[in-house]
Structures are given as C-alpha cells and as structure tokens.
Amino acid sequence: MESISQQLQKIMAGRREETQRLRQEVLSDPEISHFLQYHQAELTPEIIDRGMSKLYEFYHEKQLAANNQTTVAPGYSPQLTISNRQIDVTYVPTAKLQARQAAEALRKRVTLVNMPKFIRQADFDHFYTDEAHQTASRQQAFNEALRFVSSYHPGQFRKGLYLYGSFGVGKTYLLGAIANSLAEQGISSTMLHFPSFAVSMKAAIRDNSTAERLDAVKEAPILMIDDIGADAMSAWIRDDILAVILEYRMQQELPTFFSSNFSMDQLEAEHLAIDNQGNEEPLKAKRIMERIRFLSTETAMMGDNLRNGN
C-alpha cells in the first residue's frame, strides 16, 4: 500500500506534467512565439518565467474569442506588450467594435425629430438619379446637395436648400443623405418633421418644456425642417415657434434646409399668410419668408412619385 507521501508525489508530478504541457502549448502559439522572438533582446528566461501568467491570459482569451465564448473584455482583443521589463496584456477594440462605435457616433450626429426610420440609411449613392427616375430638376437638386456637402466648413455660413415639389419625389430622402454625409465629416445636424414638431410643442406647454425644446432646435449647427406647409399653422406656431427659430438662425447665420410641397411664393400666400383660424396676416408671412429666403436657396424637384414604386 502506497504511503500518503507517495500519493502526494504522484499528484504533484502529474500537476507538473500538466503545467509543463500547458507551458509548451502557450509558448508554441504562433503569435506568442513571434512576440518572444521579436523582443528577444529585451527578454531573459527569468522575465519569461515571471510573465507566463500573462502569456497564458493572452492565449486563453484568444481561445475564448475563437470559440465565440465570453471573454474578460467583450469587444476587445488581447495584445501583448512589454512594460518596465515585464510582459503584460492590454486590450484594444476589435474591428467589429470600432465599426459599431463609428456607426453609433454617426447616428448621434444626426438628431431626428419625428422623422421616418429610412433617413438613417439615406445616402447619395442610392438617390434616384438612374435613367428610370432621373429628371432635370431632381439632378439639379442632387448636384446642389453635393456642392453644399463638399464645400461646407463648420462656422461658415452657407445657404441651405429649400426643396419643393410634389409628394414622393425624394425631397426628404435627399435631406437625409445630406445630414448623413455631413455626419461622416463630424458635423452634427437636426432633422424634424415640422407638422409633428408643432404638435409636440403644443403638448410641451403642459410640462413647461417649450423653451428647452425650442432652444435645442434653433441652435442646431445644421437644421432641416421637413414638410413645412403640410398643415395649417396656428398663429402661435407661426409667430412664436417658427419665426423665433428662423430669426435666431438668420442672426447667427446657421445653415438651414427646408422641404415643402409648396414653392416659396405659394408657402407665403397660401399658407403662412392665413392661420388655422382663417385670419389673414400677409405682413407676418412676408417677414417669415424674408428669413427663409435669407437662409436657403429655392430648388425645385419634379418627377414621378417614388413611393408608388415607379
């Protein structure tokens, strides 16, 4: 019968064999082997021995990632380094995490207020300039949009576009493409559907947040007001919301874009001059239009209704 001492010796021998096997497995890893060879002038056997736990950490984390298992730092990959003559492991973002972070940064640069989800994917490459959908005015609007994006610099005043035309010609999509392209350059913008924004501003009276919401919109570096003129405005929305936004942006020379089913003249005469109570106030309409004309260049967009799948 074996003594307890003999049994312990066998156990310890087995552990030493397992430790040695694992050590050889770790040191044989191609990345670890390359690291040790590359830094051989800085490393001694003693430094390598002291650093075995870090080499194993690197090896183990790689194995977990390769098998799609949870790692110590999800989204980060281990990287071997030498610091103060010691082997160490640092963690750097993976390409997948970097891509996700970049996409999130782009998303945060475009603030959408009651806008459709497709705006997030809008880009110039998928705008309707192919032979089946191209019209002279649609191409002209596209060219003007490209010209703005390629030449705009933050802090510089450039007129935005006032895109007008019938339903479904691509006005909103083009504004989204402009916003997303500017986001790629690190430039933030805000897009809002004006009729929905007007409703939310009325609702904000209850919690006394109208001033805060108004400030966020009027101070946006780039502002895009979509579908202006789609609904009749109250005098309050016209004079205390829209007029205030436009006055601030004109004074601060902040680029502003618009989309509408109405030309500028139609917007003034048929929409802004008459409030939802039927009151006619042409001077107030003219004052607002002066600011819209200062902030933007009228650009027609004509063509088939793309929402019909033509």
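Me: Before we start, what does "partly exposed" mean here?
Reply: Happy to help: buried means under 20% relative accessible area, exposed means over 50%, and partly exposed lies in between (1.4 Å probe, protein chains only). This is a predicted model, where local features need pLDDT of at least 70 and side-chain atom pairs count only at pLDDT 80 or more, while totals for chains, interfaces and linings use all residues. Side-chain values use heavy atoms, leaving out hydrogens and water, and residues are numbered from 1 along each chain as its sequence is written.

Me: Why is Asp215 called partly exposed?
Reply: Asp215 has a relative accessible area of 30%, between the 20% and 50% limits, so the label partly exposed fits.

Me: What makes Lys218 and Asp215 a salt bridge?
Reply: A salt bridge needs a side-chain nitrogen of Lys or Arg within 4 Å of a carboxyl oxygen of Asp or Glu. In this pair the closest N and O atoms are 3.4 Å apart, so the definition is met.

Me: Why is Lys218 called buried?
Reply: Its relative accessible area is 15%, and buried means under 20%, so Lys218 qualifies.

Me: How do you know that Asp49 and Arg23 form a salt bridge?
Reply: Their closest N and O atoms are 2.9 Å apart, and the limit is 4 Å, so the pair counts. Asp49, at 44% relative accessible area, is partly exposed, and Arg23, at 24%, is partly exposed as well.

Me: What makes Glu268 buried or exposed?
Reply: Glu268 has a relative accessible area of 14%; that is under 20%, so Glu268 is buried. The side chain of Glu268 meets that of Arg293 in a salt bridge (3.6 Å, N to O).
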